Structure formats: C-alpha cells, structure tokens
Amino acid sequence: MTKADPAPLPPRILLVDVAEQLTKTLESLGYPTTGGSLGWPYRVGRESAAPRQLPQACVSMSGHQDADIVFLNMARPTLKTPSEDQLVGRGVTTIWQTDHRGVVDPRPFTAKSHRESFDKIHNHGGIFVFFIDSNASGEYGEGARGPRGVNVRNRRRRTMWEALTDLGRIEYTNLISDASEIVVTDESVVELLTAALPDAWYTVTLSGYAGEGSWHTLATNKYGEPVAAAITYEDRRGPVFLLPQLPKFHLVAEHFLADVCSRLSPQLFQHLESQRWTDTASLQPPEVQEMDRRIQLLQESLNKQIEGLRLEKAKLQETYAHELMIITATGEPLVLAVAEALRQLGFAKLVDVDAEEREKGNSNSLREDLRIEDSFLEKRVVVDIKGISGIPRDSDIHQSQKHAHMRIVESGDPSIRALTIVNHERRLPPDLRTQAPFRAEMEGNAKILDQGLLSTITLRRILRDARLLKWPAEVRREFVSRHGAIDHIPCHYEQVGEVCQYWKKVPAFSLIPSHPISVGDRLAIDTGERFFEIEVSSIRTNDSESTTASPDTEAGICADGLPSCRPGMPVYRVH
C-alpha cells in the first residue's frame, strides 16, 4: 500500500501593521498568518528640536523570514506613549530621530533595516502588497545621551519606500491632503477592487518606475494619475502590489489571493488546486452541465461582440486622436494636431512652414508654424501655435504678428493676417483651466491689428460641435476670420435668451426670449460641454398653448431630444 503524498499547504502570510479585520479574514480562510509591526510612533513637544530616541522593543517581526506573502501598511498607526523602560539612559548608544517635528516615528528606519530580509523573500517568489501612504519618512542617526546633550552621527534620511529594493525605483508624489475619488482602470481587477473602494482614500500618486519589472496601472484619480499599480517580473520574483488605503480590503481578500495572486504565482497556491476537484464539470448534474454550456456559448458570443466594439473604439480613437493632442501636446505634435483640426474645419491649402524651410535647406526656421492659403479667404492667415504650462504672455501672442508682418514685407501683399493658437495650462484637465486665457489688453490689441486669438480648448469644442451638428462649411471656416479672442459660438447662432426653468419629465424648459420664437424654429442650447440643437414642437405662454413666444414674456418650450438643462444656460436661434 503506497503512502499518499502530503496535501499542499497554503502560503504563509506576514501582516505588518494591517487592520485586525484583515487578519481575522485570512485566518478564517485557512491561511497561516504572522503579525508584525515596524514600530509605533509617539508624540513629543514641538518646543524642542532636539533629537529624540526611538523606543526600544516597539518592533515586532518574529518569524518574518518564513513568509511567502507580505501585506504591509504604510499608514501611520495610532500614536502611543513610550514607557521609561523603553527609553535608554545616558551613555547608551541607540537610534535617534533628528527631524521629528512633534512625532517620533521609527517605521521608516525599521523598514530599511528589514530590506535585506524582504528582498530575500521577494527574490524567491514572495508576493508583496503595500497599502501606500505619504506619512513615511524621517532622518535618523546613532548617538548616546551625554552631559551636553545628544551627539548624533551617521545621519541618514529613510522612507517606508526602502522596505523593498524595487520600491526605491518608483517615482511618487505625496499629496498635501487625502483624496477619495478613485477610478479602477485595469479590467482584470475592476470588479474586485471596486468592491473594496467604499471609504478608501489615497495620499500618494505614482508617476514613474525605473526598475526591471513590468508596470501595470490598476487605478487612477480623476486626473488620470495612477494611485494603484502592480509590478510583475519575468524572473523568480513575485508580483508587487501598490494599493491606496482600503479599509474594506478584507471583503475582497479571498478573491484577491485566489484569483489574482494565484494566477501570477501559481506555485504558492497549489493547495487551491487540490480543493477545486469538486468543481469538475463531470461531477455536476446534466442540467447544470447544460447550463454551463449555454453560459459558455453566450460568453463566447459576447466576447466576440466586445472585441468588435473594442476594435471600433480603437479606430475612432485613432480618427479623432488630434482632438486630444491639441489640448495635451506641445511642439511639433501640437502643430500636426492643429493642422489636422484645421483640415476638419474645411481648410485644404495648409502650408507646414517648418517642412517648407527644411526643403530650402534651413533647418533652424524661426518663422510661423502654418499658413492657411485657401482661395476663399479674404486674407491669407499666418498661424503660430504654442503649448504652454501657464497662461499666455504678451510675447506668446506677438510672434504671429511679427511673422505676418515679415510675410507682408517679403511678398508685398498686405492681405495677410495673424492667428495665434495656444494650448494653455496644458497639464491641467480642461475643466480646471482658465476659461478666458487672453487678457483684455491682449484682446483689444488683437482687434486693432486684425489678429485672432484662439485657445485649443475652444478649438476642440468647435471641432466637436461642427462634426456632431453638421455645421455648413462656411460656418466652420468663419471662425478663423475673426479677430480678438475667438469664442465657440458659430456665426449662424443668435442668442435669444437663457434657460429659466427645466422640467425633466415633460421634457421642457422656459425662457424669456429677446426675440419672437415660433413653433418649428430651430434652437441651440449651450450645456457647457457642447451645443444641442432642437426643434420647437410646442409653446405655452400664460398657461395656454401658443404658436409664438413674444419677447420679454416667459414661455415654456417643448422639444424632442431636449438635453438635461440648468437655469442660466444660453439659448440660441439657429439661422
């Protein structure tokens, strides 16, 4: 009789400064756990900047060398008060923190002290899960208390990010305050992480990685900055997860280990395979097997549809890539994107001046970026395009005037005008940018000189409205002929009022028109994001049906396709 092979054991888990609920959850799932701590901080008076010693016996990391998986929380735990026997006396060398700022925190020093052990675990396939936080650095050194105070030697700044060698290769930014708006972007963990997001917050954004592993962004904030990520490796090293503060993580811990970690490090989860034999399809009743077959067929059909939609989405993103580039790029990529935007508005004879100069053998051209030379224009247009981090300065808009003057002098043709297109505050989302980037003095001078000033935010808005509403070619092209600051309102719109009230169920809105409005008129409502054009189907004035809304009298307007409105939204008549 042969002896059966022993059943595979689950991975051993080290839990460092994590919530008690996570420990209980993992233990209930049968995982052997060991608790640990990098130490606890304590408060001291800010009145003295003298070095303060790290308390003794505040670190608990027994048995951590045997761990296969390490969960480590960087967030600062509750402050404690050390007892006298945890602080050494005069003449005894110990570790001191020199920049305590009112809180002595041993954790960054302890994290660095354990890096060698943690690296060993990692290099042999261990998995690390860090709940990252910004309160995680300090300056430390060796010293002993003497009659004249403490003489601290070998001072070094330490951070919690030194707990693992590869963490030191990550670029990150500490936030001044915590934030809670998190968007899970990795499809493989959307359902899992979304379930853990209630009460979550982050204090760190991740901006780069210079290590040997592969970087995977798992979640971002509303600005698209990573706040959660994973690093995987082609060698023996286990994956490293960087997660925000997730108080509800214990709710998804089982699936995180069984679905995510076991897929990346199957050698640590062989015990799960031995437990999964009961899920074998052949053991299920025929009715269940038939249901599985139908689910599989439906899933395959849906996967094909989804793949088709993804391909269609990718094509659309490629087609309209210039709309994103004009609000993010600078330099030549911005010039190329603006050129494509102008083509979409109906301009065909665009001259890339840099390319023209290169053909002449001049590789250091200091001329304009583009020229618009379509014959339907009264004046040719010299275009200067700039991508800047702030708002435009006078020097930014004077360039196109100078280049237009140079072209007039060279050609003897006075019918040339200037247009400046600026991607201002390009590192900010559109809704956070200055809405009127050109100062009143700039706009006044531009009107006198017949110069146009256009922000790429406005250009993008014009592009989208023109495409979606199928504006006539002459309307699209008219924007470029304007002088002063160019807005997004087309020449065939005439403002007739603004929304006073909105009724969602009807749907309808009211306004006090400045000009008569009749049934059948076409109106446009500016929602702030785009224009919506509607046809007036009915009018009510003074609680009765009417065919016309008279000026200066509030009237209710009903129309099919009415968007959600807010009071104050401008309303235009479409001519």
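**Figure 1. Eight strands form an open sheet with mixed pairing.** The model shown here is predicted. The strand order across this sheet is 2-1-5-8-18-17-16-14. Strand 2 (33-36) and strand 14 (183-184) are its edge strands, and each pairs on one side only. Next to the edge, strand 1 (residues 13-16) runs parallel to strand 2, with four bridges between the two. Within that pairing, I13 stands opposite T33 of strand 2. Strands of a sheet pair through backbone hydrogen bonds, in either the parallel or the antiparallel sense.

**Figure 2. Strand 8 (residues 127-131) is largely enclosed by the rest of the structure.** How many of the five residues of strand 8 are buried? Five of the five are, so the strand is largely enclosed. The side chains split between two directions. I127, V129 and F131 point one way, while F128 and F130 point the other way. All of these residues are buried. Strand 8 has a parallel partner in strand 5 (residues 69-73), with five bridges between them. There, L72 has F130 of strand 8 as its bridge partner. Strand 18 (residues 240-243) also pairs with strand 8 in the parallel sense, over four bridges. In that pairing, V129 is bridged to F241 of strand 18.

**Figure 3. Five phenylalanines form a ring cluster.** Ring pairs link F71, F131, F241, F249 and F256. F131 of this cluster belongs to strand 8, where F131 points the same way as I127 and V129. F241 of the cluster is the bridge partner of V129. The aromatic pairs of the model number 18.

**Figure 4. F347 and F376 make a tilted aromatic pair.** Their ring centres lie 5.9 Å apart, and the planes are at 40 degrees. The pair links distant parts of the chain, with the two positions 29 residues apart. F347 lies in the loop between helix 9 (331-344) and strand 19 (350-352). F376 lies in the loop between strand 20 (370-372) and strand 21 (380-387). Which of the classes, buried or partly exposed, fits F347? F347 is buried, at 1% relative accessible area. F376, by contrast, is partly exposed, at 38% relative accessibility.

**Figure 5. W471 and F531 form a tilted pair, and R461 lies over the F531 ring.** The ring centres of W471 and F531 are 6.4 Å apart. Their planes stand at 55 degrees, so the pair is tilted. This contact also links distant parts of the chain, 60 residues apart. W471 sits in the loop between helix 13 (456-469) and helix 14 (473-478), and F531 is in strand 29 (residues 531-541). Both rings belong to buried residues: W471 has a relative accessible area of 3%, and F531 has 0%. R461 lies over the face of F531, at 4.7 Å from the ring centre. A further arginine, R467, lies over the face of Y320 at 4.0 Å from the ring centre.

**Figure 6. The largest pocket has a volume of about 900 Å³.** Its lining comprises 34 residues. Which residues lie nearest its centre? They are Q435, I457, T458, R461 and G528. R461 is also the residue that lies over the face of F531. Helix 8 (321-325), strand 23 (452-455) and helix 13 each give two or more residues to the lining. Helix 13 gives the most, with seven residues. By class, the lining holds 14 nonpolar, eight polar and 12 charged residues.

**Figure 7. One cavity of 30 Å³ or more is found in the model.** The largest cavity has a volume of about 40 Å³. Its lining consists of I182, V184, L193, L197, A219, A228, P244 and L246. What classes do these residues fall into? Eight are nonpolar, with no polar and no charged residues in the lining.

**Figure 8. Six strands build an open sheet with mixed pairing.** The order is 19-20-21-22-23-24. Strand 19 and strand 24 (484-485) stand at the edges, each with a single partner strand, so one side of each has no neighbour in the sheet. Strand 21 and strand 22 (residues 416-423) run parallel and are joined by eight bridges. Among these contacts, R380 has I416 of strand 22 as its bridge partner.

Technical notes
Residues numbered from 1 in each chain as written. Predicted model: local features only at pLDDT ≥ 70, side-chain atom pairs only at ≥ 80, totals over all residues. Heavy atoms only, no water. Phe/Tyr/Trp six-rings, centres within 6.5 Å; stacked < 30°, edge-to-face > 60°. Buried < 20%, exposed > 50% of the residue type's maximum accessible area, 1.4 Å probe, protein only. Lys NZ or Arg CZ within 6 Å of the ring centre and 35° of its normal. Pairing = 2+ DSSP bridges. 1 Å grid on protein atoms, 1.4 Å probe; cavity = no way out; pocket = protein on both sides within 12 Å on 5 of 7 lines; lining within 4 Å. Points joined across faces, edges and corners; volume = space filled by probe spheres on them. Nonpolar A, V, L, I, M, F, W, Y, C, P; charged D, E, K, R; others polar.
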